[in-house]
Amino acid sequence: MLLFTPGPTPVPQNVRDAMGKETIHHRTPEFEAIFEKTRSHLFKLFKTDEVVMLSSSGTGVMEAAVINLCHNTLLNVNSGKFGERFGKIAVAHGLKQVEITNEWDTPVSVDAVVEAIKANPEIDAVAVQISESAGGLRHPVEELAKAVKAVNPNIMIIADGITAVGVEPIDVTNIDAILAGSQKALMLPPGLAIVGLSNAAIDKIGKGRGYYLNLASEIKKQRENTTAYTAATTLIIGLLEILETIEAEGGVETLYAKTVIRAKAVQAAMEALGLHVYPKTPAMSMTTIDDENANEIRSILKKEMQVNVAGGQDHLKGKIFRINQMGLINDYEMSWVVNAVELALDKLGRRKYDGTANKIFNEVTFNLGK
């Protein structure tokens with residue numbers, strides 16, 4: 001079975017092998033050396049002033065960012081399930097909340113964000129997805145962050161990069177916290193989350209808030225190459241292996257370039273089949289197709305073609321399917337996936353199979369890769 005969901009993504013064999021070795025204790029010089037080397041790679045990836053690893057899912061690091069960086073009112077951008085989640089976290093912790101809501105295919109307006117912070121002077125943090133994976137949408141986060149800082153440089157910008165870090169270059173100049181999760185472009189099992197922080201964010205955190213998710217406690221310990229609480233040793237060993245693999249295969253810039261080519265080739269192949277790309281500004285992490293036969297296509301792909309792609313949630317359940325493009329993916333596997341979609345359309349009587357998807361995918365891949 002080919003796993004092509006936008007998280008979890010497949011774990012490469014060499015990473016599985018690294019994680020399958022004998023367990024070591026997290027309070028040892030051996031693990032501290034691994035931790036130090038992993039942090040060094042993460043600084044190169046995030047390009048932030050600090051990086052912190054947490055033993056949690058992506059939701060855990062979302063909560064850590066909100067409680068440590070928002071002390072009054074959170075403005076959250078809701079164009080999907082995960083933008084909505086930021087608002088729920090704020091409410092759960094007794095913070096005030098202002099929300100900008102759009103359809104799940106629609107990026108946030110930078111002007112709308114600026115208007116909201118001018119109208120609500122108590123807003124001290126803005127939370128937004130870089131890639132809102134509920135619909136495969138890319139928000140203009142860098143432009144938004146710059147505009148917010150121009151109005152009030154003390155407002156913290158929390159950018160959820162869980163389906164963006166390791167996918168494309170992100171300008172973190174005006175971002176105070178950028179979040180990542182292990183099971184996406186980092187090609188690991190779920191359970192490890194990472195946050196890159198600005199110096200301004202570190203100042204705002206101060207002594208930190210919360211207990212387990214207190215970022216001040218973690219910053220102090222992780223600068224000593226250990227953790228405040230039990231480290232996810234196996235996952236961190238796997239993270240070091242995947243980061244070293246990325247570096248050995250040309251570095252993160254090469255990974256970005258290949259991901260962009262793959263994303264454009266898949267999108268072009270789907271459009272050539274007469275399918276509609278759902279978001280107005282598609283993310284590079286996935287191609288999302290809205291279609292009346294979305295459920296049937298997913299079922300045929302899984303049962304007959306051995307390809308597992310993701311569906312939709314809430315009001316998009318049964319109405320979309322999402323194809324992953326993150327990570328170290330072989331062209332022949334991606335080609336199999338687009339070909340499988342075309343075969344599924346033939347089985348549904350939508351169009352006769354003629355190899356169009358593969359032809360377009362290979363043409364775009366070749367032309368953009370020159």
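Here is a short chat about a predicted model, covering two packed helices, one lysine and one further helix.

Colleague: Why are H5 and H6 called roughly parallel?

Modeller: Helix H5 (residues 110-119) and helix H6 (residues 141-151) pack at an angle of about 30°. Angles under 35 degrees count as roughly parallel, so H5 is roughly parallel to H6. Their axes are 9 Å apart, and H5 passes H6 in a right-handed crossing.

Colleague: Which residues make the contact?

Modeller: From H5 come Val-110, Val-113, Val-114, Ile-117 and Lys-118, and from H6 come Glu-143, Leu-144, Ala-147, Val-148 and Val-151. By class, that gives eight nonpolar, no polar and two charged residues.

Colleague: Nice! What makes Lys-184 count as buried?

Modeller: The cut-off for buried is under 20% relative accessible area. Lys-184 has 10%, so Lys-184 is buried. Lys-184 sits in the loop between S9 and S10. Beyond its neighbours up to four places away in sequence, Lys-184 touches Pro-6, Gly-7, Thr-9, Ile-162, Thr-163 and Met-326.

Colleague: How do you know that the span of H2 is close to the expected one?

Modeller: Helix H2 (residues 29-46) has 18 residues and reaches 25 Å from its first C-alpha to its last. The expected value, at 1.5 Å a residue, is 26 Å, and the span is close to that.

Colleague: And what do the buried residues of H2 pack against?

Modeller: Their partners include strand S2 (50-54), strand S9 (177-181) and helix H10 (252-272). Among the buried residues of H2 are Phe-31, Ile-34, Arg-39 and Leu-42. Just after H2, Lys-47 takes a positive phi of about 60°.

Conventions:
Residues numbered from 1 in each chain as written. Predicted model: local features only at pLDDT ≥ 70, side-chain atom pairs only at ≥ 80, totals over all residues. Heavy atoms only, no water. Helix = DSSP H or I, 4+ residues; strand = E, 2+ residues; numbered from the N terminus. Expected span 1.5 Å × (residues − 1). Buried < 20%, exposed > 50% of the residue type's maximum accessible area, 1.4 Å probe, protein only. Contact = heavy atoms within 4.5 Å. Axes fitted to C-alpha atoms, helices over the stretch in contact; angles between N-to-C directions. Parallel < 35°, antiparallel > 145°, perpendicular 65-115°, else oblique. Left-handed = near helix turned anticlockwise from the far one by under 90°. Nonpolar A, V, L, I, M, F, W, Y, C, P; charged D, E, K, R; others polar.
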